[in-house]
Amino acid sequence: MRRTLAFIALIFGMLTMPAVTIARPIAFGVHTPNDPFGGDTLKVDALQRDTGRHIDVVSWFQSWGGASWLSQAQPHVFNAVIKSGRSPLVAWEPWAPGGGAEQPKYSLARIAGGAFDAYIAQFARGLRDLHAPVYLRPMHEMNGNWYPWSGTVNGNSPELYVQAWRRMVDIFRSQGASNVKWVFTPLNEDWPITPDNELERYYPGEDYVDVLAVDGYNWGTAKPDFGGWRSFTETFARAYERLTQLGSQPIWIAETGSATRGGSKAEWVRDMWAQAQGMDRLNVIVWMDTIDPREGDWRIRSPQDVLAAFRPDDQNMAATARLQPKTGRATVADAPAEPDAWLLRVSQPVRVGRQAVVRWDATQGAVANWRIYLNGKRLRTLRAGHSRVVRRRMHRTGRYRWTVRGIDAAGKTLVSASSIFRVVSRQ
């Protein structure tokens with residue numbers, strides 16, 4: 001009888017316990033000056049170590065004008081990101097940097113009319129030959145008025161923007177660059193605020209866009225004309241809702257950052273992670289880890305307390321993760337897992353001097369090789385059919401992340417999953 005009462009009490013206690021909320025995973029990306037133009041991701045790797053948060057996306061800018069090393073597709077730059085287990089996100093800019101908004105050479109009419117077809121085709125072949133997913137966001141912030149592709153300057157219009165965008169996509173498709181995913185990225189607010197400059201008018205259509213994205217910043221009191229200090233919700237809520245009405249694609253924040261003057265930057269970052277949970281289609285947040293006297297200090301390490309705000313909450317980190325099948329659309333954190341198809345398991349926790357172990361089960365017959373990464377660096381490559389387990393002796397405490405990717409014979413990523421584990425002291 002006592003055992004029965006105890007069992008009933010246990011069940012009742014379990015039913016009345018407060019529910020534990022597991023945070024929805026949101027991929028993290030960064031733009032860090034000069035990385036990865038040197039052919040490595042050292043700065044990104046350092047940020048990942050310091051924050052304890054895995055960096056899934058590396059962002060940078062490439063212009064159409066300027067030196068050839070900048071305007072042409074650079075395989076060593078893309079491969080540095082791809083080999084680190086991350087996805088490249090490139091803002092592709094038709095202009096001569098620093099030349100201002102009025103640059104007739106780069107007007108939308110000329111792009112839509114075919115003046116740059118040869119250049120676009122060449123760039124497409126360069127990205128095609130990478131044999132890996134690349135996220136391209138050409139002509140971003142078109143609903144502003146500071147770039148030569150902006151709809152209200154340089155003889156442009158939203159209609160010409162749509163024509164230019166579609167022409168680029170069609171050229172890439174004709175060159176077989178199906179690995180390139182197209183990221184439509186307006187500013188979070190139309191500027192100027194006029195009916196003919198609304199972001200919706202620039203949308204090329206669902207057949208031409210793989211990811212819906214937005215740029216937006218908290219400028220703080222240093223720039224009161226830019227809205228002053230605004231929360232994450234004030235910065236993005238309205239733009240997010242507008243994007244959801246355009247199409248069914250995943251939504252990214254392709255650029256963001258917070259100023260240091262006017263409030264707590266660390267609290268702004270914590271609020272960002274919390275409020276992003278309520279945006280069901282938001283899959284990626286890319287932070288601008290930069291400093292500019294004219295724009296502000298967006299750096300992740302500045303001030304000192306900001307770094308801790310980027311660290312993920314231990315309670316929200318699961319020790320198992322589903323391997324996500326890669327679909328024809330965006331491949332970062334947006335594909336639903338097939339039930340019971342693949343499972344990634346890690347040892348948790350691991351003591352210093354002992355081996356960290358990752359195991360995975362898979363039924364995906366098209367996988368030719370498994371690539372295993374530890375904190376973004378490739379550790380092993382295993383042929384399909386070999387034992388699906390990898391071990392690594394750990395010598396330092398801290399947070400680490402295993403990533404496993406299934407690659408087909410053509411080098412395409414079919415499935416992928418990551419899971420964080422902790423290394424603790426021997427005592």
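Helices and strands are here DSSP runs, numbered from the N terminus, where a helix has at least four residues and a strand at least two. The exercises below concern a predicted model.

**Exercise 1. Determine where tryptophan 146 is found and whether it is buried, partly exposed or exposed.**

Solution. Step 1: Tryptophan 146 is found in the loop between strand 4 (134-138) and helix 7 (158-174). Step 2: The relative accessible area of tryptophan 146 is 34%. Step 3: Buried means under 20% and exposed over 50%; tryptophan 146, at 34%, is therefore partly exposed. Step 4: Together with Trp191 and Ile193, Trp146 makes a nonpolar surface patch of about 370 Å².

**Exercise 2. Describe the protein chain as a whole: its secondary structure, its burial and its contacts.**

Solution. Step 1: The secondary structure comes to ten helices and 20 strands. Step 2: The protein chain has 427 residues, and 53% of them are buried. Step 3: Of the contacts with a separation of 6 or more, 72% are made by residues 24 or more positions apart. Step 4: The accessible surface is about 19,400 Å², and carbon and sulfur atoms account for 51% of that surface.

**Exercise 3. State in which order the eight strands close into a barrel, and follow the pairing through strands 1, 2, 3 and 8.**

Solution. Step 1: The order is 1-2-3-4-5-6-7-8, with parallel pairing. Neighbouring strands of this sheet are turned against each other by 30 degrees on average, direction ignored. Step 2: Strand 1 pairs with strand 8 (residues 282-288) over five bridges, and valine 30 stands opposite tryptophan 287 in strand 8. Step 3: Strand 1 also pairs with strand 2, over two bridges; the bridge partner of glycine 29 in strand 2 is valine 57. Step 4: Seven bridges join strand 2 (residues 57-63) to strand 3 (residues 87-93), where serine 63 stands opposite glutamate 93.

**Exercise 4. Identify the buried residues of strand 1 and helix 2, and what those of helix 2 pack against.**

Solution. Step 1: In strand 1, five of five residues are buried. Ala27, Gly29 and His31 point one way, whereas Phe28 and Val30 point the other way. Step 2: In helix 2 (residues 42-51), the buried residues are Val44, Asp45, Ala46, Leu47, Gln48 and Thr51. Step 3: These residues pack against strand 1 (27-31), strand 2, helix 10 (306-309) and strand 17 (377-383). Step 4: Just after helix 2, glycine 52 takes a positive phi of about 70 degrees.

Note on methods:
Residues numbered from 1 in each chain as written. Predicted model: local features only at pLDDT ≥ 70, side-chain atom pairs only at ≥ 80, totals over all residues. Heavy atoms only, no water. Patch = residues over 30% accessible without salt bridge, like charges linked within 9 Å, V, L, I, M, F, W, Y side chains within 5 Å. Areas by Shrake-Rupley, 256 points an atom, 1.4 Å probe, with all protein chains shown as cover. Salt bridge = Lys/Arg side-chain N within 4 Å of Asp/Glu carboxyl O. Buried < 20%, exposed > 50% of the residue type's maximum accessible area, 1.4 Å probe, protein only. Contact = heavy atoms within 4.5 Å. Pairing = 2+ DSSP bridges. Axes fitted to C-alpha atoms, helices over the stretch in contact; angles between N-to-C directions.
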